[in-house]
Amino acid sequence: MKKLVLETTSPFQGLPELVAYDEGLFEREGLLVEWAERDEAGVKQADALVDSPKGVDPFGSHGKLLEAGKADMYNACEWGNYCRAGATGVGSRQVGRRAIVAYAAIVVRPDSDVYTAQQLAGRTVGVPFYAGTHYLALHLLEGFLPRDQIKVVRAPNGSRNRFNLMMKGEIEATTLTEPYVTLAEKKGCRTICSAFFHGTEVASDKVDAETYGAFNRAVREAVRRINADKRAYLHYFIDYHKAKDPEIGTLTVDDLREGRLLVTDPAPIPADEMQRTYEWVKSWGMLEQTESALDLVNLDVQARAHAGRAA
């Protein structure tokens, strides 16, 4: 058995990996998967003075254990992983897109006077810098506002922390993932806008194409099982959080929407999308030291691990 150490992952960003682990699919492919626990809490307070990711550690949550040699691979949002691959000290690179296409939303309190994205002009939107909902907020809001009217500020990793700050009025709006979008809506909060977004897998040089190919085969089978009966897997979104957050334990599978669970086979990052993503991230003042999108992906491992993936 080949050992593969993965950084821990929440269902909203790694459900197929969790299913593959629980149902023995990795072992069937000759992989002994172990989990390295990462701190998902991160920063505890919002800081309205920090309105730029410049100087913020891109490894504040994802990638920290891999950089320290304590994990072999992790998955996170594609935009953030461009930045992590650009800042790595150990030569980690993206090797392909993860299976889940994550869902997130910008929400406001029930008593907020914000009803549309345009009304967030100049108002604080708490986001976790370098995480998926940071970039998603920028994408969503720049469809409604000029960039100089978008005011994202650094807020904690972990939807529960950001939700608490928003409900206390420390930030006007925030980004949430499931099951916290559902919890917020049950409490009367309003979803202002929402979207799905891609993520990628990042690997150290210990992960060769054969290992990643085996990982992908297990994940593809998990994707098939999830898509065959999404409702049967929605409990993961509750079970993962309820021990540390009893309020999530008040939710039921009936509260969750199957339409917010979107999984597909892992695949290479398309070259045209890779270039557009790279240029967009640079346009927001990140990746300043990276000269090419190709520097951020291990093209050899990506190509060989995904070869014949439809078989």
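Me: Which backbone oxygen lies 2.9 Å from a polar atom of the Arg162 side chain?
Reply: That would be the backbone oxygen of Thr175. Keep in mind that this is a predicted model.

Me: OK. And where does Arg162 lie?
Reply: In helix 6, which covers residues 159-167.

Me: Is Arg162 buried or exposed?
Reply: Buried. The relative accessible area of Arg162 is 3%, and the cut-off for buried is under 20%.

Me: What is Arg162 in contact with, leaving aside neighbours within four places in sequence?
Reply: Quite a list: Gly126, Val127, Pro128, Thr133, Ala155, Pro156, Asn157, Ile171, Thr174, Thr175 and Leu176. So Thr175 turns up among the contacts, and the backbone oxygen of Thr175 is the one 2.9 Å from a polar atom of the arginine side chain.

Me: Switching to cysteines. How many disulfides does the count come to?
Reply: Zero.

Me: Why no bond for Cys77?
Reply: Because the closest cysteine sulfur, in Cys83, is 8.2 Å from the sulfur of Cys77, which is too far for a bond. The cut-off for a disulfide is within 2.5 Å. From the other side, Cys83 is in no disulfide either, with the sulfur of Cys77 as its nearest cysteine sulfur.

Me: Are those two buried or exposed?
Reply: Cys77 counts as buried at 3% relative accessibility. Cys83 is buried too, with a relative accessible area of 5%.

Me: New topic, pockets. How much space lies in the second largest pocket?
Reply: About 440 Å³. There are 24 residues lining that pocket, and the closest to its centre are Pro53, Lys54, Trp284, Gly285 and Met286.

Me: Which elements give two or more residues to that lining?
Reply: Helix 4 (78-87), helix 5 (132-141) and strand 7 (151-154). Helix 4 gives the most, with three residues.

Me: And how do the lining residues divide into nonpolar, polar and charged?
Reply: The lining of the second largest pocket has 12 nonpolar residues, seven polar and five charged.

Me: Last one, Ala228. Where is it found, and is it buried or exposed?
Reply: Ala228 is found in helix 8, residues 209-228. Ala228 is exposed, with a relative accessible area of 61%, and the cut-off there is over 50%.

Me: How far apart are Ala228 and Ala218 in space?
Reply: 16 Å, C-alpha to C-alpha, with the two sitting 10 residues apart in sequence.

Conventions. Residues numbered from 1 in each chain as written. Predicted model: local features only at pLDDT ≥ 70, side-chain atom pairs only at ≥ 80, totals over all residues. Heavy atoms only, no water. Helix = DSSP H or I, 4+ residues; strand = E, 2+ residues; numbered from the N terminus. Buried < 20%, exposed > 50% of the residue type's maximum accessible area, 1.4 Å probe, protein only. Polar contact = N/O pair within 3.5 Å; in protein donor to acceptor, adjacent residues only side chain to side chain. Contact = heavy atoms within 4.5 Å. 1 Å grid on protein atoms, 1.4 Å probe; cavity = no way out; pocket = protein on both sides within 12 Å on 5 of 7 lines; lining within 4 Å. Points joined across faces, edges and corners; volume = space filled by probe spheres on them. Nonpolar A, V, L, I, M, F, W, Y, C, P; charged D, E, K, R; others polar.
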